[in-house]
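Please open the structure in your viewer and keep the selection tool at hand, as this tour moves step by step from one selection to the next.

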Amino acid sequence: MEPRVVNQNEYVQRTLVNKEAFSLKKFFFQWEWLLILVFIVLMVINTNISPYFLSATGLRDATMIFLDKAFIVFPMVMIMILRDIDISVGSTVALSAVVMATLYNRLGVPMEMAIVICLMVGALCGLINGLLIVKFKELSAVIVTLGTMILYRGIAYVILEDQASGNFPEWFSFFGWGSVAGIPFILIVFTIFAIAFTLLLHKTTFGRQIYAMGNNDTASRFSGVQVDKVKVIVFVLAGLMAAITAIFLASRMGSTRPNVAMMYELDVIAMVALGGISTAGGKGRMIGAIIAVFIIGYLQYGLGLINIPSQTMLVIVGILLIVSVAIPKLNVGTKFKKTEKRKT
Amino acid sequence: MMAESALVNPSMDEKERKTSKLAAISKFRELGLLAFIILLCIFVQTRNSSFLTVGNLTDLITNTAILSILALGMMLILITRGIDLSIGSTLALSGMIVAQVVSVNQGLPPIVAILLGISVGIVCGVMIGFLVSKLGILPIIATLAMMNIFRGLTFTVSDGQWVSSYQMPERFVSIATSQILGVNTLVFVAIIIYMVAYYFINHTTTGRQIYAVGSNPASAKVSGINETKILMIVYMIMGGLSGLCGVLWVSKFASAQGDTASGFELTVIAACILGGVSIAGGSGKISGVILGAILLGILNNALPLMNVSPFWQMAIQGSIILIAVVINTIVKRGVDRNNLLRRRI
Amino acid sequence: MSEYVLELRGITKKFPGVTALDNVHFKLKPGEIHALMGENGAGKSTFIKVITGVHAPNEGEIYLNGQKVEFSNPKEAQALGIAAIYQHVTNYPDLSVTENIFMGHEKVQKGTRRLLWKQMHQEAKEILRSLGSSIDPKSEMGALSVAQQQIVEIAKAISTNAKIIIMDEPTAALTARESEELYKIAEELRDQGASIIFISHRFEDMYRLATQVTVLRDAKYIGSWEINAISNDDLIVAMVGREITQVYPDKKGKIGEELLKVNGLSKTGYFADISFTLHRGEILGLTGLVGAGRTEVCQSLFGIMPYDKGKIELNGKSVSIQSPKEAMKLGIGYLPEDRQLQGLVLQWGIGRNITLPALSSIGKKGWLNEKKEASIAKELAEKVHVKANSIFDLVSSLSGGNQQKVAVAKLLTKDLDIIILDEPTKGVDVGAKSAIYEIINELAAQGYGIIMISSEMPEVIGMSDRIAVMRAGRITKVLDRAEVSQEVILEAAMTDLSKKDAG
Amino acid sequence: GGGESTTSEPTDTGSDDGGTKTYAMVFKNTGNPYGEKMMDGFEEAIKEVGGGVILRSPDQPTAEGQIQIIEQLITQQVDAIAIAGNDFDALQPVLTKAMNAGIQVVSVDSAVNANSRHVHVNQADPERIGRSQIQAVAEMIDQEGQIAVLSATSQAANQNLWIEWMKKELEEPGYENMELVKVAYGDDLRDKSTSEAEALLLSYPDLKAIIAPTTVGIAAAGKVLTDKGLQGQIALTGLGLPSEMASYIQNGVSPAMFLWNPIDVGYGAGMAAHALVEGEITGEVGESFEASRLGGKEVVEDGDGTQIMLGDPYRFDAENIDEWKEVY
Ligand SMILES: Nc1ncnc2c1ncn2[C@@H]1O[C@H](COP(=O)(O)OP(=O)(O)OP(=O)(O)O)[C@@H](O)[C@H]1O
Ligand SMILES: Nc1ncnc2c1ncn2[C@@H]1O[C@H](COP(=O)(O)OP(=O)(O)OP(=O)(O)O)[C@@H](O)[C@H]1O
Ligand SMILES: [Mg+2]
Ligand SMILES: [Mg+2]
């Protein structure tokens with residue numbers, strides 16, 4: 001069965017290595033280590049500049065505040081690996097929250113049912129985005145979600161006009177304010193989703209297909225990946241997670257309005273980008289984005305505790321974002337850049 | 001010769017001429033958009049007959065001037081496969097700085113104020129250009145960060161205060177209200193910029209190189225085009241236009257605030273997209289961008305006129321943007337399909 | 001004045017991790033057509049890019065007419081009369097033909113620097129006409145066929161009035177007949193006094209055109225010969241570093257029962273009334289001129305580009321194919337024409353690429369099984385003899401031929417009956433070519449039915465059991481191995497079968 | 001002054017034991033001169049009574065941003081929070097948490113609901129605000145003609161409340177010939193308010209007056225009327241900042257408009273917060289305290305809750321605008 005490509009004796013049958021060699025260098029030069037380092041430095045600085053930072057409830061309560069939009073970070077990581085973007089998520093949060101509140105307050109739908117419908121509305125918003133994107137490929141995700149961003153929030157305004165809608169049942173406030181064994185409920189849910197999405201992205205066929213599409217959409221299609229289906233599912237996930245954000249947000253505010261969650265998309269994109277996921281697609285890991293959520297969250301919290309004006313906060317977060325994406329581009333960071341490439 | 005000679009048949013010449021006319025029409029991709037605008041105007045007119053009056057159209061065009069100027073700059077950036085989310089903040093920053101300068105320097109000639117605004121904008125643009133072209137940071141990330149930074153600086157510079165109309169010299173405020181050759185200055189400035197841009201884009205090497213870089217960055221490199229320079233130029237132009245618009249904005253509304261034009265970048269991008277500029281780079285035409293800006297201008301002007309509930313306005317705007325881009329794509333697909341049908345097999 | 005228009009001495013070019021050129025010499029006489037040959041990855045394209053100023057060499061000197069020059073960018077080389085047609089089409093799809101021709105050396109008015117569109121359109125039209133083409137200079141580049149784009153590239157080189165014209169695999173996308181046209185153009189340019197450097201993997205190109213040949217191997221300069229002074233075998237040894245005994249292997253397999261029957265398949269604007277059959281163990285060659293629609297027919301069978309009309313029968317059962325996934329389930333696999341764009345995820349390792357089409361069958365319920373995946377990938381990569389160290393080596397680091405082998409390995413993960421190969425040896429060097437032929441034959445012997453699209457006449461004739469010839473969207477003839485010859489195929493490729501009023 | 005910076009060093013920890021107290025004020029958003037003035041007044045009051053001041057605002061006028069800030073203030077164990085709410089209800093959970101932590105909560109300018117505060121410091125009686133604007137406009141147009149309202153959005157419920165009172169006033173005798181033809185919304189955006197104002201002029205050619213009870217809206221309308229040369233033909237009134245409106249009052253576009261003094265509002269809130277912290281009042285109806293230069297103030301009923309009323313809106317016209325335009 002030896003092929004006779006060339007003179008038999010010239011031909012060398014090669015055996016390939018099929019176990020990835022562990023490289024200490026590669027292990028250490030990972031973007032995520034840098035993020036963790038930043039995180040630690042941040043915690044140390046915060047602890048030193050504010051006596052309140054490590055106070056019994058401070059850290060915990062801060063987590064409750066910044067975690068709501070972080071739910072959208074998970075699907076956004078996938079979307080950005082796919083080389084797409086979804087700027088309608090903030091509007092999806094508003095629309096699903098408004099629908100939930102309206103169903104409960106005006107139409108007398110039981111709260112449990114309203115929550116389920118809220119999730120369905122979110123998923124539906126994502127489905128519409130996904131379908132438009134795959135049916136009209138010429139348009140690209142930016143265009144489609146720019147349109148639906150305005151549309152979804154517009155519908156929220158149509159439903160609730162300029163009113164707020166609240167008066168949720170007592171137990172509903174548990175989502176935003178409750179804790180189990182001293183751990184905020186939102187942190188528990190966040191952790192569960194973090195694990196679920198990390199597994200989904202890194203340990204399943206679906207996740208592998210997302211990376212394939214992000215690197216080369218055409219080749220994935222030719223390899224039998226159902227590219228349209230994968231894309232729609234990812235956008236539905238984004239809608240669904242936006243609805244979950246809506247539930248936590250409505251619970252924490254005890255009410256909701258059509259203009260909640262303004263500009264959330266930009267905050268989420270900033271977290272994902274800081275997490276090392278390039279909008280050029282195909283690269284980055286879930287864990288990076290998760291660390292980035294905590295970096296930005298605790299940074300803002302720490303700055304808030306020393307009462308830094310919010311305009312300065314804008315500048316600091318902007319600089320952090322630039323510096324973090326610039327590091328791998330600079331020479332000092334070439335090693336990071338290189339190992340980053342191989343990672344999926 | 002080669003492949004085509006095999007495809008060419010004797011009667012081709014004559015046929016070609018006929019089809020080329022059709023092709024010329026279908027090449028005017030904004031046709032669908034233009035038709036849409038006309039239909040929309042007719043519809044609005046039936047709902048409120050004061051829509052198509054000279055007075056209202058003047059308002060409409062004046063209010064659209066700033067949007068259209070910014071859309072032009074954004075078009076150039078989109079052509080190079082970039083995006084600029086920071087323009088709202090750049091506009092606010094330059095507007096605020098200029099307003100503060102004129103409020104303490106009442107004698108400052110308006111043209112100096114305008115040049116100052118443009119310079120502030122250019123500085124902002126150069127910073128972004130540096131991040132994008134030299135450091136290779138993706139435009140969406142770089143401009144997202146700079147959006148925050150410029151906005152923060154605007155608040156810092158203004159110290160939370162506004163600059164009000166009484167603090168601005170009459171000459172400054174009248175930049176936006178005066179007329180040149182019988183046209184409102186804002187509109188006049190927009191027209192001049194469009195004329196210069198038309199020449200720049202279509203009749204200079206640099207202008208064409210912008211398209212080349214967006215159309216195929218790799219071949220631009222082997223053609224000896226300096227991509228860094230081109231990117232720097234487009235972000236600088238965008239910055240300069242934003243700075244200019246900052247001055248115009250402050251003059252038009254006779255007030256400078258920290259949150260000026262926040263979120264305006266999305267409107268500008270929407271105008272470009274409606275005008276058929278491709279996010280994937282390489283294509284985009286001035287005529288399309290004008291139409292896109294005008295469509296949005298009409299919506300802003302007409303929705304209040306039609307007595308539409310304010311709560312419906314946003315939903316309608318969103319639907320119209322979606323419908324317009326979808327119709328545009330369907331029309332384009334129809335043209336392509338037609339071309340296929342005409343092929344000989 | 002030196003005897004050479006161009007001379008390169010001791011050129012070395014290093015990329016991070018790769019030495020692409022190692023002390024390379026080259027001499028070009030005026031009015032000479034000089035072939036540059038070598039295996040995939042030998043450094044030919046890099047060498048060209050050094051000459052044209054795209055890459056600056058790390059070491060070495062360039063002499064133009066005896067004068068030492070240094071280029072810091074392509075523009076400077078262009079200004080000195082060097083023009084190149086690059087291997088990977090380097091045009092601007094959104095811009096007009098005229099702009100593509102004149103990009104980088106536009107005609108501008110003195111003083112105002114205004115572009116002179118009229119003159120450029122006019123001149124573009126003239127150059128194109130001199131090349132025998134009637135492409136409208138105002139039409140968009142992206143709307144042209146590959147062959148037409150190639151003509152524009154040539155027009156671009158001519159428009160610079162270059163004294164040295166470099167063509168990097170210009171015939172890779174052309175059929176024999178189109179290549180012939182290109183030869184004529186090249187000769188005409190030479191007669192007008194230009195020197196031409198010509199890169200190709202096809203020996204016919206070299207023998208037809210060149211008077212001198214320089215061979216590179218593994219980034220090194222091997223030698224330079226008069227074309228008549230070196231035998232074919234010696235040339236191959238120079239290129240590959242070993243001897244290749246037989247290019248087309250003997251058939252081992254037997255032709256079995258009918259696998260696929262296509263009847264009256266049509267797609268508006270692309271192809272019409274396609275009918276043929278395919279048997280187990282058979283290699284069906286599909287040939288014709290570029291743009292004949294071969295790719296489109298096969299992509300329809302693979303579900304990429306759904307057909308409008310017609311019937312497909314698999315093993316006697318009528319099927320409908322709407323997506324690649326369905327096609328693969330039904331046992332049809334497709335090796336795409338453009339391996340970089342359609343075939344491979346270049347940024348990934350070999351292993352991941354190979355297992356991509358079969359992920360679901362490797363894992364359980366959607367979970368990945370990376371161990372099993374790695375062992376399958378290793379097995380298949382070895383089966384197609386990929387030259388690499390580990391399955392984690394990035395595909396982008398492989399040479400063209402090895403990349404193609406990885407793409408072929410992807411087809412072997414699935415239980416397929418039919419394998420469609422679209423230009424499987426395009427841009428692949430001689431060594432890798434015969435390895436790929438061997439694999440194809442091996443597969444046929446194992447009972448696969450194989451459809452092989454190819455524009456290279458000898459390859460089609462050497463490999464196929466039967467040959468279907470397409471012309472302008474229709475199959476004009478199906479030939480048996482016995483009755484086949486270059487002439488018969490060419491004739492079939494030129495016959496006009498289409499109805500007068502079609503469309 | 002630096003709008004949001006801490007002006008006195010935030011106190012050490014645990015200020016319950018009679019040490020210096022810390023007072024925080026949270027405004028709607030940053031970069032709003034009205035808010036800056038209010039915070040100036042608040043700071044002035046706290047300086048007067050002695051204590052640390054923290055001044056914060058989110059960069060966007062959202063309840064989400066304010067919640068985040070209040071959480072941080074709770075962690076810092078401040079003694080009192082004065083807040084101009086971005087939402088009537090949405091701050092209830094976090095403010096309740098603050099009150100449970102022993103923090104005194106005062107809402108000011110834009111109220112939060114009665115459960116989320118100890119007391120509200122009301123700049124002026126909504127009824128008086130609504131009615132005086134109609135009375136003023138009636139005087140400007142001789143009780144005859146069409147009028148329109150150009151509002152912001154109605155989230156900060158005060159706008160709607162004022163408009164309600166305007167409508168009630170219009171039902172009184174004497175306004176038979178006046179007609180409120182439209183309430184338009186400019187979202188407190190310059191460009192949108194301008195378009196809306198232009199649309200009003202176009203849709204109602206016989207319009208005689210515009211009432212814009214919002215600072216951005218009234219300035220935008222003033223600019224439109226000025227540019228169109230309509231001074232004397234269409235009267236403009238409403239609630240505006242003297243600095244923003246000075247030009248339009250001087251050129252006659254707006255014969256008069258109203259506002260209260262935001263410095264006093266902030267000052268009053270500071271005094272009320274101090275009274276709460278010191279236990280002088282608890283926010284029950286009938287209590288009263290000495291608000292220094294504002295004089296004695298009484299806690300009165302306000303729907304479900306209680307409030308402290310500061311006074312009538314102040315009328316600005318050509319006579320007095322010059323002395324006020326520099327102030328705020
Ligand atoms: N820009 C680059 N960066 C890094 N390595 C490069 C670059 N360009 C080429 N190489 C490497 O240099 C070597 C020579 O490549 P080159 O393209 O010159 O080969 P070639 O002889 O033209 O091959 P082919 O026949 O396949 O076109 C290859 O190993 C290639 O991977
Ligand atoms: N009759 C026609 N008129 C115009 N364009 C055509 C026609 N037939 C095919 N084309 C276009 O010509 C281009 C070249 O086709 P393509 O290269 O895919 O053909 P092919 O026969 O598969 O050639 P190859 O074997 O080189 O892949 C395609 O874009 C195709 O759509
Ligand atoms: Mg090459
Ligand atoms: Mg093909």
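A residue counts as near a molecule if one of its heavy atoms lies within 4 Å of that molecule. Please keep in mind throughout that the model is predicted.

Begin by selecting ligand 1 together with the 14 residues around it, among which C:G41, C:K44, C:S45, C:T46 and C:Q87 come nearest. If you colour this shell by class, you should find four nonpolar, seven polar and three charged residues.

Next, zoom in on the oxygen atoms of ligand 1 and look for the protein atoms that lie beside them. Select C:G43, where a backbone N or O atom lies 2.9 Å from an oxygen atom of the ligand, and then C:K44, where a backbone N or O atom lies 2.8 Å from a ligand oxygen. Now show the side chain of C:T46, in which an N or O atom is 2.5 Å from an oxygen atom of ligand 1. With the surface switched on, consider that ligand 1 taken alone exposes 630 Å², and that the protein buries 68% of that.

Which elements give two or more residues to the shell around ligand 1? Select β2 (18-28) and α1 (44-51) of chain C, for these are the elements in question, and notice that α1(C) provides the largest share of the shell, with three residues.

Finally, zoom out to chain C, and colour domain 1 (6-240) and domain 2 (258-331 + 415-502) separately, following the division of the chain. The centres of these two domains of chain C, taken over C-alpha atoms, are separated by 33 Å.

Conventions: Residues are numbered from 1 along each chain as its sequence is written. Chains are lettered from A and ligands numbered from 1 in the order in which they are written. This is a predicted model: local features need pLDDT of at least 70, side-chain atom pairs count only at pLDDT 80 or more; totals for chains, interfaces and linings use all residues. Side-chain values use heavy atoms; hydrogens and water are left out. A polar contact is a pair of N or O atoms within 3.5 Å; within protein, one must be able to donate a hydrogen and the other to accept it, and residues adjacent in sequence count only if both atoms are side-chain atoms. Accessible areas come from the Shrake-Rupley method with a 1.4 Å probe; for residues, only the protein chains shown count as cover. Helices (H or I, at least four residues) and strands (E, at least two) are DSSP runs, numbered from the N terminus. Ala, Val, Leu, Ile, Met, Phe, Trp, Tyr, Cys and Pro count as nonpolar, Asp, Glu, Lys and Arg as charged, and the others, Gly among them, as polar. Domain bounds come from an automatic or database domain assignment.
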